[in-house]
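Hi,

Here is the structure I said I would pass on. Have a look at it first, and then read on for my notes.

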Amino acid sequence: MNDMAGFFYPRTETGRSSLIPSPPWYYSGDLLTVEYRTDPARVRELLPEPLELAPEDPGAVALIWADWQSCSGTREELLDPIRSQYKEAFVVVRCAYEGVTYSRCVYIWVDKDFAIARGMHQGYPKKLGSMWQTRPHPFSHAAPQVAPGGVFGATLAAGDRRLAQAVLTLTEESPTNGFVNSHPMAHHRVYPGIAKNSPDAYVELIASGSSSFEAGPAYTGDVELELFESPTEELHRLPVQEIIGGYYRQVGVVWDGGTSLANLTPAAAEEAVR
């Protein structure tokens with residue numbers, strides 16, 4: 001398809017229909033994070049080989065709500081807001097690969113198709129969902145402030161079922177926004193084989209992170225988190241055993257590619273054992 005234009009599907013002669021533009025991608029957003037501990041065995045279930053549990057605090061989980069505005073380098077999406085604004089909620093654990101600790105997104109829900117396409121490229125397992133979180137504003141008539149006393153709610157639903165809800169009351173500034181999502185990401189990019197019952201045609205373990213990051217003050221506070229069962233989701237299999245903390249922070253991020261840690265196609269695997 002080298003004679004077609006566009007970074008992602010659909011590729012055409014002009015490239016105008018491509019679902020997402022080429023990186024770098026720019027993000028500005030509000031993040032509400034709840035960190036808690038669960039059974040490390042449940043985390044281990046979500047780590048395919050050769051990934052292992054993180055050596056420290058292996059049961060730590062971060063559930064993060066994000067209200068994003070994003071764009072390409074042209075910034076043209078900002079003038080057509082339906083192309084730039086979206087919400088997501090994602091679940092992050094930590095893992096180890098060859099002695100290095102990484103963060104890994106194991107579940108994520110978004111509300112726009114372009115966000116799903118970016119996830120396919122980055123290795124995020126994105127699905128459609130419904131996410132809502134309280135928005136701050138400098139005028140308190142109908143909004144909290146990002147400051148002590150601010151109270152924020154957040155909900156997550158998918159497949160017509162509520163999966164999680166949280167309430168965070170800010171009490172003080174925090175030196176961090178938590179620790180679970182503070183490492184480069186280790187993700188798999190997977191494409192199943194097209195023939196019936198065939199193995200995956202392409203599997204790549206990649207690492208990526210922000211190429212640029214800015215953030216406002218982080219705040220922590222008292223947080224409540226509830227998870228709910230669903231017939232089509234498995235978030236409840238990471239039950240809350242202990243709350244670590246709740247955080248709120250406004251951030252700016254640039255993403256501009258990652259690196260391949262391991263690439264294993266069926267042909268490469270066959271060649272490796274010869």
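Which residue just after H2 takes a positive phi? Gly 123 does, at about 90°. Keep in mind throughout that this is a predicted model.

Since we're at that glycine, let me stay there for a moment. Gly 123 sits in the loop between H2 and strand E6 (126-128). Its relative accessibility is 12%, under the 20% cut-off, so Gly 123 counts as buried. Setting aside neighbours within four places in sequence, Gly 123 is in contact with His 187, His 188 and Arg 189. Ala 186 belongs in the same paragraph: the C-alpha atoms of Gly 123 and Ala 186 are 8.5 Å apart, while 63 residues separate the two in sequence. As for helix H2 itself (residues 113-122), its buried residues are Phe 114, Ala 115, Ala 117, Arg 118, Gly 119 and Gln 122. If you colour by burial, note that Arg 118 and Gln 122 are on that list.

Now the overall picture. The protein has 3 helices and 15 strands. Its radius of gyration is 19 Å, close to the 19 Å that the globule rule gives for 274 residues, so the protein is as compact as a globular protein of that length. Along the principal axes, the C-alpha atoms fill a box of roughly 60 × 45 × 35 Å. Buried residues make up 42% of the 274. The accessible surface comes to about 14,300 Å², and carbon and sulfur atoms account for 52% of it. Among contacts with a separation of 6 or more, 66% are between residues 24 or more positions apart.

On to the strands, where E14 (residues 242-255) is a good place to start. E1 and E14 run antiparallel and are joined by 13 bridges, with Tyr 27 standing opposite Val 253 in E14. Strand E12 (residues 212-215) also pairs with E14 in the antiparallel sense, over 4 bridges; here Glu 214 stands opposite Gly 252 in E14. E13 is antiparallel to E14 too, through 3 bridges, and Tyr 219 has Tyr 248 in E14 as its bridge partner.

What about the nonpolar interior? The largest nonpolar core has 37 residues, and the members that touch the most others are Leu 32, Trp 65, Val 91, Trp 109 and Leu 156. Two or more residues of this core come from each of strands E1 (25-37), E3 (60-71), E4 (85-97), E5 (100-110), E8 (151-158), E9 (161-174), E11 (202-208) and E13 (218-227). Another core lies apart from it, with 25 residues, among them Ile 20, Ala 62, Val 110 and Val 180.

Last, the cysteines. How many disulfides does the structure hold? It holds 0. Cys 105, for one, is in no disulfide, and the nearest cysteine sulfur, that of Cys 95, is 11 Å away. Cys 105 has a relative accessibility of 3%, under 20%, so it counts as buried. Cys 71 is buried as well, with a relative accessible area of 7%.

If you open the model with just one view in mind, I'd pick the loop after H2, with Gly 123 and its contacts His 187, His 188 and Arg 189 on display.

Cheers

Note on methods:
Residues are numbered from 1 along each chain as its sequence is written. This is a predicted model: local features need pLDDT of at least 70, side-chain atom pairs count only at pLDDT 80 or more; totals for chains, interfaces and linings use all residues. Side-chain values use heavy atoms; hydrogens and water are left out. A disulfide is a pair of cysteine sulfur atoms within 2.5 Å. Buried means under 20% relative accessible area, exposed over 50%, partly exposed in between (1.4 Å probe, protein chains only). A nonpolar core is a set of buried Ala, Val, Leu, Ile, Met, Phe, Trp, Tyr and Cys residues joined through side-chain atoms within 4.5 Å. The radius of gyration is taken over C-alpha atoms; the globule rule is 2.2 Å times the number of residues to the power 0.38. Contact means heavy atoms within 4.5 Å. Accessible areas come from the Shrake-Rupley method with a 1.4 Å probe; for residues, only the protein chains shown count as cover. Two strands pair if DSSP finds at least two bridges between them.
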